[in-house]
Amino acid sequence: MLKDNLTMLRKLNGYSQEQIAEKIGISRQAYAKWESGATIPDIDRAALLAQVYGVTLDSLMKTETADGLGTLPPAQKGKNLWGTVTLGDRGQIVIPKAARDHLGFKGGDRIIVASDEVGIALIPAEFFESRMREIMEKLGDKQD
């Protein structure tokens, strides 16, 4: 719910209710009522809150949960949590349909698998290769 998201986002960002209220031009008491669920912000104030917290208006309004974790804070703009998948015996995973649709992935697509110390990322090969060509061209210009 909105009230839970407002509380989580405020605490995650280290703001007091007064600081957030000041950022969007309302009283601390009005903001406190939103966090308690007594009232809700109008659409303009909700949009300002989403902007302050760097999330979408949609993610500010809905609640995401994860097994074993409970309610999750809204993801930052451009970040998504698509759920949990199980790794098959041979390393296969099924990318959730909502993620495939959102990213435009379909059967037969080439995907780059990249990683850091924590996990992996799946990147469309054409995008990755295009960016690498741009980087190599810039490096070539600097070596002259």
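## Ser59 and helix H5

Ser59 is a buried residue, with a relative accessibility of 12%, in this predicted model. Its place in the chain is helix H5, which covers residues 57–61. When residues up to four places away in sequence are not counted, Ser59 touches Asn5, Pro74 and Ala75.

## Met8 and Gln76

Met8 belongs to helix H1. Neighbours within four places in sequence aside, Met8 is in contact with Thr71, Leu72 and Pro73. For Met8 and Pro73, the C-alpha atoms are separated by 6.1 Å, although the two residues are 65 residues apart along the chain.

Gln76 sits in the loop that runs between strand E2 (70–72) and helix H6 (97–103). With a relative accessible area of 52%, Gln76 is exposed; the cut-off for this class is over 50%. Gln76 is nevertheless in contact with Gly54 and Val55, leaving aside neighbours within four places in sequence. The C-alpha atoms of Gln76 and Thr56 are 7.3 Å apart in space, with their positions 20 residues apart in sequence.

## Helix H1 against helix H3

Helix H1 (residues 2–12) and helix H3 (residues 28–36) have axes that come within 6 Å and cross at roughly 120 degrees. The two helices are therefore oblique to each other. On the H1 side, the contact is made by Lys3, Leu6, Thr7 and Arg10, and on the H3 side by Tyr31, Trp34, Glu35 and Ser36. By class, the residues of the contact of H1 with H3 comprise three nonpolar, two polar and three charged.

## Helix H2 against helix H3

How do the axes of H2 and H3 cross? They come within 8 Å, at an angle of roughly 110 degrees. H2 is therefore roughly perpendicular to H3, since the range for that class is 65 to 115 degrees.

From H2, the residues Gln17, Glu18, Ile20, Ala21 and Ile24 meet Arg28, Tyr31, Ala32, Trp34 and Glu35 of H3. The contact of H2 with H3 contains six nonpolar, one polar and three charged residues. Tyr31, Trp34 and Glu35 of H3 thus appear in the contact with H1 and in the contact with H2.

## The largest nonpolar core

The largest nonpolar core has 14 residues, and those that touch the most other members are Leu6, Tyr31, Trp34, Leu49, Tyr53 and Leu60. Two or more residues of this core come from each of H1, helix H2 (17–24), H3 and helix H4 (43–53).

Trp34, one of these core residues, is buried, with a relative accessible area of 7%. Leaving aside neighbours within four places in sequence, Trp34 is in contact with Lys3, Leu6, Ile24, Ile26, Thr39, Ile40, Pro41, Arg45 and Leu49. Among them, Leu6 and Leu49 are also named with Trp34 as residues that touch the most other core members.

## Aromatic pairs

There are two aromatic pairs in the structure. Tyr15 and Tyr53 form a tilted pair, with a distance of 6.4 Å centre to centre and 50 degrees between the planes. This pair links distant parts of the chain, because Tyr15 lies in the loop between H1 and H2 and Tyr53 in helix H4, 38 residues apart. Tyr15 is partly exposed, at a relative accessible area of 23%, whereas Tyr53 is buried, at 5% relative accessibility.

Tyr31 and Trp34 have ring centres 5.9 Å apart and planes at 65 degrees, so this pair is edge-to-face; the cut-off for that class is over 60 degrees. Both residues lie in helix H3, three residues apart, or about one turn of the helix. Tyr31 is buried, with a relative accessible area of 0%, and Trp34 is buried at 7%.

## Ile111 and strand E3

Ile111 has its place in strand E3, residues 111–115. Is Ile111 buried or partly exposed? At 30% relative accessibility, Ile111 counts as partly exposed.

Apart from neighbours within four places in sequence, Ile111 is in contact with Phe105, Leu122, Ile123 and Ala125. Ile111 and Pro41 are 70 residues apart along the chain, and their C-alpha atoms are separated by 42 Å. Pro41 is itself one of the residues in contact with Trp34.

Technical notes: Residues are numbered from 1 along each chain as its sequence is written. This is a predicted model: local features need pLDDT of at least 70, side-chain atom pairs count only at pLDDT 80 or more; totals for chains, interfaces and linings use all residues. Side-chain values use heavy atoms; hydrogens and water are left out. Axes are lines fitted to C-alpha atoms, for helices over the stretch in contact, and angles run from 0 to 180 degrees between N-to-C directions. Helices (H or I, at least four residues) and strands (E, at least two) are DSSP runs, numbered from the N terminus. Angles under 35 degrees count as roughly parallel, over 145 as roughly antiparallel, 65 to 115 as roughly perpendicular and the rest as oblique. Contact means heavy atoms within 4.5 Å. Ala, Val, Leu, Ile, Met, Phe, Trp, Tyr, Cys and Pro count as nonpolar, Asp, Glu, Lys and Arg as charged, and the others, Gly among them, as polar. A nonpolar core is a set of buried Ala, Val, Leu, Ile, Met, Phe, Trp, Tyr and Cys residues joined through side-chain atoms within 4.5 Å. Buried means under 20% relative accessible area, exposed over 50%, partly exposed in between (1.4 Å probe, protein chains only). Rings of Phe, Tyr and Trp (its six-membered ring) pair if their centres lie within 6.5 Å; planes under 30 degrees apart count as stacked, over 60 as edge-to-face and the rest as tilted.
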